[in-house]
Amino acid sequence: MSRFEDPAIIVCSISGAVAGREQCPAIPYTPEEYAAEAKRAVDEGATMIHIHARTPEGVPSYEVEDFRAITDAIRGAVDDVIVNYSTGAIGVPIEKRIEYLRELRPDVAALNMGSMNYAKYSARRKDFVFKAVFENSFDTIIAFLEAMNEFGIRPEHECFDSGHVANLDPLIDMGLLSEPLQIDMVMGVNGGIRPTPRNLAHMADQVPGGPESRNNWGVIGISRDQWRLVAAAAALGGNVRVGLEDNFYLPDGEMARSNGDLIARARRLVEDVGRRVATVEEARELLGTPRRVTA
């Protein structure tokens, strides 16, 4: 079977840690709002929900109880979905980020694959909106990987440049990673690779075993470049992520009313290139994330 006949996994990044309702009114804060957004996304074809936790007031949180409340609400609202926790942060100790993985055991956890400048630049202001050094050394990556392996969590490797994909090689050789891998190309962040379809194809070519191997790859497009990257990934055989963490706007410039609006448009792009959207069961099989048995 060619990659073009393979189902595409659609991921929803339901709420990031930076933007708030002053930028987009649909961003969820409370567990109940997360659950409602997750249901809208799943109803439109999302099979994985990527979670940054917040307090009910909307403040970014790394506390176990906030992750627990959000996760329980989501799992109560949908029959099944793959749960993916963010682990990325600046200035938050590794031990604190590992704590919620240990306590809650999501199916998947994001793992940033290299240190970098991380910024947003405003051409109108002629200045940076924010800028920081995003530390993801090999020591940090290995600490997270060892924890994920111990807890039975599959890593999602977030790669902001082609060198980050190459960082997988020594970890595979060390026996810290097992196939099938899940590799996402994050494009559109100042400090990372430029968000073009050609660069996406280049990064996909760097996937261990090649872009048509059993390893899974996809795209995370940031801001309004997202849609051409989603279209390119769908055509090239990759998976796609959309959601209010990454981009608020539909291709015509209208602000999304919910995550469901964004997922519906991504689904249409996937189907327009002759592919279909993966079911949750298919996504679990492709990613190696069997459904956990709960008491």
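**Notebook: core, rings and pocket**

I looked up the largest nonpolar core and found 74 residues in it. Ile49, Ile51, Ile74, Leu101 and Met185 have the most contacts inside this core. I note that the model is a predicted one. Helix α4 (residues 138-151) gives the largest share of the core, seven residues. In soluble globular proteins, nonpolar side chains tend to be buried together.

Next I picked Ile74. Leaving out residues up to four places away in sequence, I found that Ile74 touches Tyr34, Ala35, Ala38, Ile49, Ile51 and Val81.

Then I turned to the rings. I found nine aromatic pairs in the structure. Phe67 and Tyr85 have ring centres 4.7 Å apart and planes at 45°, so I logged the pair as tilted. Phe67 sits in helix α2 (residues 64-77) and Tyr85 in strand β3 (residues 82-85), 18 residues apart. Are these two rings buried or exposed? Phe67 is buried, because its relative accessibility is 1% and the cut-off is under 20%. Tyr85 is at 0%, so I count Tyr85 as buried too.

Tyr85 also pairs with Tyr100, edge-to-face, at 6.0 Å centre to centre and 65° between the planes. Tyr100 lies in helix α3 (residues 94-104), so this pair ties strand β3 to a part 15 residues away in sequence. I also found one aromatic cluster made of Tyr118, Phe130, Phe134 and Phe160.

Last, I checked the largest pocket, which holds about 1300 Å³ of space. Of its 44 lining residues, Val18, Tyr118, Phe130, Ile222 and Glu245 are the closest to the centre. I sorted the lining into 24 nonpolar, 12 polar and eight charged residues.

Technical notes: Residues are numbered from 1 along each chain as its sequence is written. This is a predicted model: local features need pLDDT of at least 70, side-chain atom pairs count only at pLDDT 80 or more; totals for chains, interfaces and linings use all residues. Side-chain values use heavy atoms; hydrogens and water are left out. On a 1 Å grid over the protein atoms alone, a cavity is a set of points where a 1.4 Å probe fits but cannot get out, and a pocket is an open set with protein on both sides within 12 Å along at least five of seven lines; lining residues have an atom within 4 Å of a point. Grid points are joined across faces, edges and corners, and a volume is the space filled by probe spheres set on the points. Ala, Val, Leu, Ile, Met, Phe, Trp, Tyr, Cys and Pro count as nonpolar, Asp, Glu, Lys and Arg as charged, and the others, Gly among them, as polar. A nonpolar core is a set of buried Ala, Val, Leu, Ile, Met, Phe, Trp, Tyr and Cys residues joined through side-chain atoms within 4.5 Å. Buried means under 20% relative accessible area, exposed over 50%, partly exposed in between (1.4 Å probe, protein chains only). Helices (H or I, at least four residues) and strands (E, at least two) are DSSP runs, numbered from the N terminus. Contact means heavy atoms within 4.5 Å. Rings of Phe, Tyr and Trp (its six-membered ring) pair if their centres lie within 6.5 Å; planes under 30 degrees apart count as stacked, over 60 as edge-to-face and the rest as tilted.
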